[in-house]
Amino acid sequence: MPISGQVFSAFGFVHKIATFEKAAGFQALVQFSDVETASAARNALDSRSIPRYLLPEHVGSCNLRMSYSAHTDLNIKFQSHRSRDYTNPYLPVNHTAMDGSMQPALGADGKKVESQSNVLLGLIENMQYAVTVDVLHTVFSAYGAVQKIAIFEKNGSTQALIQYSDIATAAIAKEALEGHCIYDGGYCKLRLSYSRHTDLNVKAFSDKSRDYTLPDLSLMVAQKAAGVSASAPAGWQNPQVQTQYGGGYGGSPYMYPSSDPNGASPSGHPPPYYG
């Protein structure tokens, strides 16, 4: 039983519980069978603290602030550490979100350890140059085979999801690239975290996404690259680029995207990869 269930059941049968987090902090909705029971619990618990023996070791004191909700019947979809319906024994159970996983893992420094995933979420800061799917594929492939990529805009910033085949490869890439810049001069800095996704559902070949697990995609990429190279201005190519990822990824020239139609950076030349 969740901590909130143990606290409130002292005043009567608790029908349902739903917990969530907002800017004001951790909140919970607790449904009793009638208003009288709810009123008794509110009067007894408002401004009181949850007993220390009910709290995890890493959690400090928890003071309760009680008020009546506008809800009269909570809609609980499944049993988990976030929600319970004690009136419905046939409700589906989310086994990955029961009591044992509700406590965040803590590192040696006492800070919450981020749950790992084979998919990285990247926020791109200081975007003075365009970052395409091909650019991200080139950068992230230095640490393992990239399966899928998706680029999107959120809250006025450019973000991307990069999927590897396993968590270990994603962890290596995250460690190596976090805080590094794609281009010299501090441009297009990467801020990386683990995504909740484990398998991206993306369009196989578009300007914003790519699925490299498809057997014929490599041919499509090669054909597109050849077509772009034939039509691109000469000023976009820089075969002399040297990068931290191995001399320009095999010595191949790379076309640097830019808002300038001639491909020039503020200094007049495309910036090399930085890292």
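Helices (at least four residues) and strands (at least two) are taken here as DSSP runs, numbered from the N terminus. Counted that way in this predicted model, the protein chain has 6 helices and 9 strands. Of its 275 residues, 35% count as buried. The chain exposes about 16,000 Å², and carbon and sulfur atoms supply 53% of that area. Sequence-distant pairings are well represented: among contacts between residues at least 6 apart in sequence, 58% join residues at least 24 apart.

Now to the charged pairs. Side chains of opposite charge can pair when their charged atoms come close. In this model the count comes to 5 salt bridges. One of them brings together the side chains of lysine 16 and aspartate 73, at 2.9 Å from N to O. This pair links distant parts of the chain, with lysine 16 in strand S1 (residues 14-22) and aspartate 73 in the loop between helix H2 (35-45) and strand S3 (83-85), 57 residues apart. Lysine 16 has a relative accessibility of 11%, so with the cut-off for buried set at under 20%, lysine 16 counts as buried.

The aspartate is not the end of the story for this lysine. The side chain of lysine 16 also reaches the backbone oxygen of leucine 74, at 2.7 Å. Leaving out residues up to four places away in sequence, lysine 16 touches a list of residues that includes Leu29, Val30, Gln31, Ile76, Arg84, Asp85 and Thr87.

Arginine 84, one of those contacts of lysine 16, sits in strand S3. Its relative accessibility is 9%, and so arginine 84 counts as buried. A polar atom of the arginine 84 side chain lies 3.0 Å from the backbone oxygen of serine 80. Arginine 84 can also be placed relative to valine 30: the two are 54 residues apart in sequence, and their C-alpha atoms are 9.8 Å apart in space. Serine 80 gives a reference point for proline 92 as well, since the C-alpha atoms of these two, 12 residues apart along the chain, are separated by 9.2 Å. Proline 92 is found in the loop between S3 and strand S4 (119-125). Not counting residues up to four places away in sequence, proline 92 touches Lys77, Phe78 and Gln79.

Further along the chain, a salt bridge joins the side chains of aspartate 134 and arginine 210, at 3.2 Å from N to O. Here too the pair links distant parts of the chain: aspartate 134 belongs to helix H3 (residues 133-140) and arginine 210 to strand S9 (residues 209-211), 76 residues apart. How exposed or buried are the two partners? Aspartate 134 is partly exposed, with a relative accessible area of 31%, whereas arginine 210 counts as buried at 2% relative accessibility.

Lysine 148 and aspartate 199 make another salt bridge, with their closest N and O atoms 2.9 Å apart. Lysine 148 lies in strand S5 (residues 146-154) and aspartate 199 in the loop between strand S8 (187-194) and S9, so this bridge ties together parts that are 51 residues apart in sequence. Again the partners are unlike in burial: lysine 148 counts as buried, at 10% relative accessibility, while aspartate 199 is exposed, with a relative accessible area of 51%. Elsewhere, salt bridges that share partners join Glu125, Glu178 and Arg191 into one network.

That leaves the nonpolar side of the picture. In soluble globular proteins, nonpolar side chains tend to be buried together. The largest nonpolar core here has 25 residues, of which Leu136, Phe140, Ile149, Tyr164 and Ile182 touch the most other members. Elements giving two or more residues to this core are S4, H3, S5, strand S6 (157-164), helix H4 (167-177), strand S7 (181-183) and S8. The largest share, 5 residues, comes from H3.

Isoleucine 149, one of the core residues that touch the most other members, has a wide spread of partners in sequence terms. Leaving aside neighbours within four places, isoleucine 149 is in contact with Val133, Leu136, His137, Leu161, Ile162, Val202, Lys208, Ser209, Arg210 and Tyr212. Arginine 210 thus appears both among the contacts of isoleucine 149 and as the salt-bridge partner of aspartate 134. A second core, separate from the one above, has 10 residues, among them Val7, Phe8, Ile17 and Leu64.

Definitions and conventions: Residues are numbered from 1 along each chain as its sequence is written. This is a predicted model: local features need pLDDT of at least 70, side-chain atom pairs count only at pLDDT 80 or more; totals for chains, interfaces and linings use all residues. Side-chain values use heavy atoms; hydrogens and water are left out. A salt bridge is a side-chain nitrogen of Lys or Arg within 4 Å of a carboxyl oxygen of Asp or Glu. Buried means under 20% relative accessible area, exposed over 50%, partly exposed in between (1.4 Å probe, protein chains only). Contact means heavy atoms within 4.5 Å. Accessible areas come from the Shrake-Rupley method with a 1.4 Å probe; for residues, only the protein chains shown count as cover. A polar contact is a pair of N or O atoms within 3.5 Å; within protein, one must be able to donate a hydrogen and the other to accept it, and residues adjacent in sequence count only if both atoms are side-chain atoms. A nonpolar core is a set of buried Ala, Val, Leu, Ile, Met, Phe, Trp, Tyr and Cys residues joined through side-chain atoms within 4.5 Å.
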